[in-house]
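Colleague: Could you take a close look at one part of this model for me, whichever one you think repays it? After that, I'd like to hear how the rest of the chain fits around your pick.

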Amino acid sequence: MFELIQSGGWLMLPIIACSILSLAICLERFWVLQKKRVAPANLLSEVWTMVRNGEMTPERLLQIRNQSFLGQIMVAGLNNSTHGREIMKESIQEAAQHVMHQMERFLNSLGTIAAISPLLGLLGTVIGMIKVFAEIMLQGTGNANVLAGGISEALITTAAGLSIAIPALVFHRYFQRRIETLLIEMEQECQKLVEVVHGDREVDFE
């Protein structure tokens, strides 16, 4: 493996760095975007039960806020629920924007890796072919070992760049779609909370 990387030339270093960074981002996003960490099941019913029973203390609010992204949004709404329906909805929207930013963290970096990895591979291809033609000019076509070395460098960097870019692009699209789905679920839960708090909806989510 080391010989294969070495034969790819110095451009293998940034390609390997991209692969490590891409893997780290994917693992971190898989951990952060777990359903239980974003929008736990039955959180709305638990919150409403505490509100209805008068058990919603500042300590409970802080605990709910720290447990999940949905909890952050709900607490922002509850803190402003006494100021009317519209103010509560605005507070929820502001908190949701902050949560969306947290959920999309590092996705731009992952998309950048997906874009530049094949370009780095292509650059390695160009450099490898330049070396091949330079050797042809100096030694002719008789030295097959030298020509093979340059062609090998070109092919290895191209393959390495594509092998990083393809999964990075796939996971980038996957995380984007997952975030969209989770945001829709959280929006629905918060809409229910607003309606229940202001008496516009029956409690049908327990």
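Modeller: Sure. When I say helix, I mean a DSSP run of H or I with at least four residues, and the numbering starts at the N terminus. Keep in mind that this is a predicted model. The chain's mean pLDDT is 85, with 86% of its residues at 70 or more. Confidence peaks in helix α2 (residues 12–32), at a mean of 94, and bottoms out in helix α1 (residues 2–7), at 64. The protein chain has nine helices and zero strands, which in order just reads α-α-α-α-α-α-α-α-α.

My pick is helix α9, which covers residues 144–197. Let's begin with H172, which sits in that helix. Is H172 buried or exposed? It counts as buried, because its relative accessibility is 12% and the cut-off for buried is under 20%. What does H172 touch, once you skip residues up to four places away in sequence? The answer is L107, L110 and G111. With L107 there is a polar approach too: a polar atom of the H172 side chain lies 3.3 Å from the L107 backbone oxygen.

Further along α9 come the charged residues. Side chains of opposite charge can pair when their charged atoms come close. A search of the whole structure turns up four salt bridges. One of them joins the side chains of K35 and E185, at 3.6 Å from N to O. K35 belongs to helix α3 (residues 35–38) and E185 to α9, so this pair ties together parts that are 150 residues apart in sequence. Both ends are partly exposed: K35 has a relative accessible area of 37%, and E185 has 29%.

Another bridge stays inside α9. E189 pairs with K192, and their closest N and O atoms are 3.6 Å apart. Why can these two reach each other along one helix? An α-helix has 3.6 residues a turn, so residues three or four places apart point the same way. E189 and K192 are three residues apart in α9, which means about one helical turn separates them. E189 is partly exposed at 22% relative accessibility, and K192 is partly exposed as well, at 24%.

For a contrast away from α9, try the salt bridge between the side chains of E28 and R29, with N and O 2.6 Å apart. R29 counts as buried, at 1% relative accessibility, whereas E28 is partly exposed at 24%.

Now for the surroundings. In helix α4 (residues 43–52), the buried residues are L43, L44, S45, V47, W48 and M50. After α4 comes G54, which has a positive phi, near 70°. Then there is a helix pair to look at: α5 (residues 58–67) and α6 (residues 69–79) have axes that come within 6 Å and cross at roughly 145°. L61, I64 and R65 on the α5 side meet G71, Q72, V75, L78 and N79 on the α6 side. Sorted by class, that contact has four nonpolar, three polar and one charged residues.

Stepping back to the chain as a whole, 35% of its 206 residues are buried. Among contacts with a separation of 6 or more, 77% are between residues 24 or more positions apart.

Definitions and conventions:
Residues numbered from 1 in each chain as written. Predicted model: local features only at pLDDT ≥ 70, side-chain atom pairs only at ≥ 80, totals over all residues. Heavy atoms only, no water. Helix = DSSP H or I, 4+ residues; strand = E, 2+ residues; numbered from the N terminus. Buried < 20%, exposed > 50% of the residue type's maximum accessible area, 1.4 Å probe, protein only. Polar contact = N/O pair within 3.5 Å; in protein donor to acceptor, adjacent residues only side chain to side chain. Contact = heavy atoms within 4.5 Å. pLDDT = per-residue confidence, 0-100. Axes fitted to C-alpha atoms, helices over the stretch in contact; angles between N-to-C directions. Nonpolar A, V, L, I, M, F, W, Y, C, P; charged D, E, K, R; others polar.
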